[in-house]
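Here's a quick tour of one protein model, written for someone who likes to know the cut-offs behind each statement. Have the viewer open as you read.

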Amino acid sequence: MPPDEKTMKPRLRIPLLLLPALALLAVPSPAPADEGQWPPEALATLGEARWGELSSRGLALTAKDLWDGSGGGLLSAVIDVGGCTGAFVSEEGLLLTNHHCAFSAIQLASTPERNYLADGFVARTRADEVEARGGVGRVRLLSRLADVTDRVRGPKSPFAKATTDTARYEAVERAKKEIVAECEKAPDRRCAVAAFEDGRTFRLMEQVEFRDVRLVYAPPRGVGDYGGEEDNFRWPRHTGDFSVLRAYVSPDGKPAAYAKENVPYRPKRWLRVSPKGVSEGDVVMIAGYPGRTQRYLTPSAVENLEKWFYPLRSRTFQDLIAILETEGKKDDATALKVAGAIKSYGNGETNARGQIEGLARNAVASRARAEERELASFLASRKDLPAEWAAAPAELEKVLAADRAGQDRRFFLEEVERLSSYLGSALSAVRRADERQRPDLERESGYQERDLERARQGEKDRTRSLAPAAARKALAYLVARTQAASAGTPVKAFDETFGANAKPEAIEAKLAAMDAATALGDEKARLANVDATFPALAASADPYVRLAVALHPDLAALREKRKETNGALLVWRPRYLSALEALRASKGRAVYPDANSTMRVSFATVKGYSPREAVTFTPRTSLRGVLEKERGAEPFATPKKVLDAARAADFGSWADPTLGSVPVGFLTDGDTTGGNSGSPTMNGRGEVVGLNFDRVWENVAGDFGWNPERSRNVNVDLRYALWLIDRVDGAETILKELLPER
């Protein structure tokens, strides 16, 4: 099944980092104080006035306190957690992130008899901590940043000599892989080259990877996912979206795979947890790995998202959720296995509806059209600018228009490939075997030797989430939708296997027969396929492997077309952005870099907002609101032990005097997006007071433009977490480690 939308981290000089593209949809100058997601090196360039303004609001730190240029400072405690963010908060490797980020790990550790997802998990001793699998099973700590633009696309690079769009794309990918391979010669390193400004500049991100991560504490789902999709992207919010994990290393202090003899990692830097929380008006910082903002899209790109992509995504995910929920009601084991997929699809579907509404409400497309006209007039009046800048808007539009051809077919084929099913496993094996026929540096990212162990672990994790009957129904639905969208270009493998224009019922019947004949229900068979050669898989009699081999050319053709498109974008997007920069500079408008899955810091204030006329939201919630929402049924079904403590006002030292109860959540105007889930929200002294986990409904479309009136992110107040650990679960050892001086 697809990853949780909140944890997705897709693609993306600033003298070096601060020559960002001028955001097409950025707000007029001067920029509101809390807009922007700043790379670590950019902090020192913000200027005395900006730092003075932050200091006047209560920030007691300097740029060097946050990042000293050599991998030090408070930001060196912030970690990349498999598409989310986390932070070390103790000298023995304890780390905090969101419950929804650890969701798959909690699910994979659960059984119907020991359902940690439903009941929560508490490790009262180190020996009780259990292996965290899935996305949080590997966490990465940033150790070095370096500009590599010249090597990737400089005047002497293969990119500069390439003569076709596909060759340009492959030249950039080859350079990135070479840089990564050199970087990963150092032990226990995981490296990546990130594109800034859609490929105008590139930077290397070197991280230390920890491969032994264990669950320490997770609240019950009735706390960690309180409100479910009904409350998702909404305020007021009462979700205890947090989890506690620990990183382990070998006895000699080096990162290592899970082993009983491993010991807790002792980080050079960790963040202190504040038991005092926040008040309205406080300045805070949000540090993490935001996935992607897109604040300089062309008008047609915005319209395509609003009118095609998000509506189709919403409808498709609604249907898949209904299929999986129906199957999950049949037995507890299936319900547990499909829980992660339902949550993922649910979050993606809710997000899609929010994007549609937000793009329309903010008139993003019409504003982009107005800017497009302004840009055309500007370029026509400035004959001194490079000719390729003037040509960029029209050339870019040609590329985008061509990419939209057949996009329905591509959408459904990609969803088939992502589905966690027997076919999904077989497709992954066939693609890996095909890639293995080429030298390692010529293989696609994700299918190199460096990725092999992840593939094996993925198949082991798949064992805990495979629900054949549910996957069968979901796959039948997607195959039927793919065939309906492929009238002009039929998917031969599907037509031959299921019949042309087959109904979902007939497809499902065929899949049931394939399920009975396949060996892929056996983990050993799937692991063997990970290492199998392409000829061996092509000769397989397994029905799913045969289907995967037959389907492989269609998927490979999509990828080849995407390479050509991306190669063209590498030419025209930077030129388009340069033209926009010139326009914006002529008007004195503020600029900052878009998010691209690299480390960023946002400054913010604890504040509420008004979503519509006559409605004003205050920025903090408490246990009182939990009791007001409580229904005793999902998604508002708080565990009895939590309700008992709340109703008895057993608050201990965790009550907020202003609220008269234990605080649960708070809002800030932080500039965040997917990937910021689990980001530590720090007070002016750099102490953790909360964890970012969401945005408000009116800010779902914030990826396309920050708004001082509506851009709000949602944080769980750490005092709620501490209250649960202390008063509800009595986990004294965990509490003492989080607050050693208490």
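What follows covers the disulfides, the nonpolar cores, one pocket and one lysine.

This is a predicted model, where local features need pLDDT of at least 70, side-chain atom pairs count only at pLDDT 80 or more, and totals for chains, interfaces and linings use all residues. Residues are numbered from 1 along each chain as its sequence is written, and side-chain values use heavy atoms, with hydrogens and water left out.

**Disulfides**

Searching the whole structure turns up two disulfides (a pair of cysteine sulfur atoms within 2.5 Å). Counting bonded cysteines along the chain, the pattern is 1-2, 3-4.

| Pair | S to S | Angle about S-S | Handedness |
|---|---|---|---|
| C84 and C101 | 2.1 Å | -85° | left-handed |
| C183 and C191 | 2.0 Å | -65° | left-handed |

C84 sits in strand β2 (residues 84-88), while C101 is 17 residues away in the loop between β3 (94-97) and α3 (103-109). Strands here are DSSP runs of E with at least two residues, helices are runs of H or I with at least four, and numbering starts at the N terminus. C84 is buried at 1% relative accessible area, and C101 is buried at 8%. Buried means under 20%, exposed over 50% and partly exposed in between, using a 1.4 Å probe and protein chains only.

**Cores**

A nonpolar core is a set of buried Ala, Val, Leu, Ile, Met, Phe, Trp, Tyr and Cys residues joined through side-chain atoms within 4.5 Å. The largest one has 72 residues, with L43, F603, Y720, W723 and L738 touching the most other members. Helix α25 (residues 718-728) is its top contributor, giving eight residues. A second, separate core has 52 residues, including A433 and L547.

**A pocket**

The second largest pocket holds about 900 Å³. Its lining has 30 residues, and R221, E325, A339, I342 and E634 are the closest to its centre. Helix α11 gives the most to that lining, with ten residues. For the method: on a 1 Å grid over the protein atoms alone, a pocket is an open set of points where a 1.4 Å probe fits, with protein on both sides within 12 Å along at least five of seven lines, and lining residues have an atom within 4 Å of a point. The volume is the space filled by probe spheres set on the points, which are joined across faces, edges and corners.

**K510**

Finally, K510 belongs to helix α19 (residues 504-517) and is partly exposed at 36% relative accessibility. Its C-alpha lies 6.8 Å from that of F498, twelve residues away in sequence.
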